[in-house]
Structures are given as C-alpha cells and as structure tokens.
Amino acid sequence: MRLLKLFVPVLLSIILIFLDARFSYLDNFKRFTLTLLSPIYVIVDLPGHVIDWVNDKGTENELLVSQNDYLEGQLIELKAKLQTYNNLALENQKISKLLESSYLIPDHNVMLARIKSVTQSRLSKQIIINKGLNDAVTLSDLVIGSDGVVGQVTEVTALFATVKLLSDPTLHMPVKNSRTGARGITKGLASNEKGMVVEFIPLESDIKIGDIFVTSGIGNSYPSGYSVGRVKSVDESPNSSFMRVSIDPTQNMNQLELVLIVKEKND
C-alpha cells in the first residue's frame, strides 16, 4: 500500500511532464502560475537589489571622497607653490632695489650677501652674513642696505663675516649733514634703543630735525654720501662745547634679509 502511494504521484508526474513536453497542455497553467508568483520573486530578489544599490552608492561616495581629498591636496600644493613664487618675487624686488644702490658707487665693487643671524642686545648689535675670506671680504668693509648704511665688517672667517650695526655703542662712523656739510662722528647707544648720537658738532652749527646725515668719507675707509640717519632731536646745552644730535638709522634693521658689501676697486 505504501509502495502504491509513492508510485502513483511519481507516475502522474511523469505523465504530466510527457504531455507538457509533447503537446504543451500546461502552458496556460504555467503562465498563470508564474504571474501569481512574480510578486514573490520581486520581494525575494529585493534585498539583493538593495545591497547592490548600497554598494554602488558606497563605491561612488568613496570615489568622490577620494577625488575631494586629491583636489584638496592639489590646492594646498598650489598654495604652497604660490607662496614660494611670491617670496621669489619679493626677493627679486629687494635685490633690484639693492642693485640700484650699487650704481651710486662708481669707484667701488659691491657684493650681495644674505643675513644668517642677528644679535641685538643692550651692548652688542650685530649681524652675521654668508660671505667671508673666501669671497674677499675684509675688515672695515662697509655694508649697506637699500635705504642706507647698515654697519661695518669687524670680524671675518672663511665662510662668514660679522657686521657691527650702526647702533652698536662701540661703532663710530664719520658723517656729515647733507644739507649744511656740518661734520661729526656717530656713536651707538648702550641701550635697547635703535638710535645713535652724532658727537663733536659745534654749537653754532645749523642742524634741524629731519636733516639727513651721510657718510663723509673722512679716512677713505668707505665711500661718502651714503645715508646714515635722520635727525630726531637736537640738544644745545650751554654747558657743553658741542651739541648733542640724536638720529635714527635710515635703514630699518628689522627688515633686513639681503645686504651689499662695498669694496674699493683695485685698479
């Protein structure tokens, strides 16, 4: 009996398969069944489509993030290059301004140098430049900027030189008033101030606030006519034989990066 229950469904299935393959009797039934089952297929397949869609969107988002990071990196790089170009343009302007100063020195050679370090304390005000004995720098060479005298070379090594600034209390430089020709000698102040005083100017001299003192060339140690300082005050004490003239350097020492070393030409 059990065998008969098993055999009958199998035989029926075989007959149906044969009839469907031979005579297509079940085509309408299959189409009807597929139509009924289509929504189920859609629902069953939906999670797969959702997963594929999420994966596609995730990949697209990762691509956009990657492209954004790349573009931001390119922007930063371009900004860095722009800073470099701007810095080069500024340096070219500074060099051009310095070279314009060199035209005022027909009987002297000039050499461009870069400042390596700065020391400005109460009793010592000096800079180190990247030129030395190997570049024929010698003691007492005058050093200038685009707006006036910076100082004088006081120490030299093979690769570097020490330049004592005008405002150093131990540096003295012969100067003259560009308007009247009155002569004196500068002396730096032993303080944190940047200024100087001009000594040994007679009381009867005509000195006014705003006058410019320039190198006088006395002693032939360096050329005459280079701006040293501008008068900011005049003290005519009756108890002294000389007036006290306070001046500020025409060259701003805090903005220096490049300087010119002035050397006398060898005929």
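This predicted model holds 3 salt bridges. Two of these pairings involve Arg179, since Asp206 and Asp211 each form a salt bridge with that residue. Below you can follow the charged pairs, then move to the nonpolar core, two buried strand residues and a patch on the surface.

**Salt bridges around Arg179**

- Start with Asp206 and Arg179, which form a salt bridge with their closest N and O atoms 3.0 Å apart.
- This pair ties together distant parts of the chain: Asp206 sits in the loop between β8 (196-202) and β9 (212-215), while Arg179 sits in the loop between β6 (172-177) and β7, 27 residues apart.
- Now look at Asp211, whose side chain meets that of Arg179 in a salt bridge at 2.9 Å, N to O.
- Here too distant parts of the chain are linked, with Asp211 in the loop between β8 and β9 and Arg179 in the loop between β6 and β7, 32 residues apart.
- Taken together, Arg179, Asp206 and Asp211 are linked in a network of salt bridges.
- Are the members of this network buried or exposed? Asp211 is buried, because its relative accessible area is 8% and the limit for buried is under 20%.
- Asp206 has 38% relative accessibility, so it counts as partly exposed.
- Arg179 is also partly exposed, with a relative accessible area of 40%.

**A salt bridge between two strands**

- Asp248 pairs with Lys232 in a salt bridge, and their closest N and O atoms are 3.3 Å apart.
- The partners come from distant parts of the chain: Asp248 belongs to strand β11 (residues 242-249) and Lys232 to strand β10 (residues 227-235), 16 residues apart.
- Asp248 is partly exposed at 22% relative accessibility, and Lys232 is partly exposed at 38%.

**The nonpolar core**

- In soluble globular proteins, nonpolar side chains tend to be buried together.
- How many residues does the largest nonpolar core have? The count is 37, and the residues with the most contacts inside this core are Ile129, Phe213 and Val245.
- Strand β12 supplies the largest share of this core, 4 residues.
- Which residues does Val245 touch, leaving out those up to four places away in sequence? Its contacts are Met196, Val197, Val198, Ile201, Ile207, Phe213, Val231 and Ser233.

**Two buried strand residues**

- Leu260 is found in strand β12, which covers residues 258-264.
- Leu260 is buried, because its relative accessible area is 1%.
- Try finding Leu260 and Leu112 in the structure: they are 148 residues apart in sequence, yet their C-alpha atoms are 4.7 Å apart in space.
- Val228 lies in strand β10, and its relative accessible area is 0%, so Val228 is buried.
- Val228 and Ile247 are 19 residues apart in sequence and 8.7 Å apart in space, going from C-alpha to C-alpha.

**A nonpolar patch on the surface**

- Which residues form a nonpolar patch on the surface? They are Ile185, Phe200 and Phe242, and together they have about 260 Å² of accessible area.
- Ile185 lies in strand β7, residues 183-188.
- Why does Ile185 count as partly exposed? Its relative accessible area is 32%, and partly exposed means a value between the limits of 20% and 50%.

Conventions: Residues are numbered from 1 along each chain as its sequence is written. This is a predicted model: local features need pLDDT of at least 70, side-chain atom pairs count only at pLDDT 80 or more; totals for chains, interfaces and linings use all residues. Side-chain values use heavy atoms; hydrogens and water are left out. Buried means under 20% relative accessible area, exposed over 50%, partly exposed in between (1.4 Å probe, protein chains only). Patches are made of residues with over 30% relative accessible area and no salt bridge: like charges are joined within 9 Å, nonpolar side chains (Val, Leu, Ile, Met, Phe, Trp, Tyr) within 5 Å. Accessible areas come from the Shrake-Rupley method with a 1.4 Å probe; for residues, only the protein chains shown count as cover. A salt bridge is a side-chain nitrogen of Lys or Arg within 4 Å of a carboxyl oxygen of Asp or Glu. A nonpolar core is a set of buried Ala, Val, Leu, Ile, Met, Phe, Trp, Tyr and Cys residues joined through side-chain atoms within 4.5 Å. Contact means heavy atoms within 4.5 Å.
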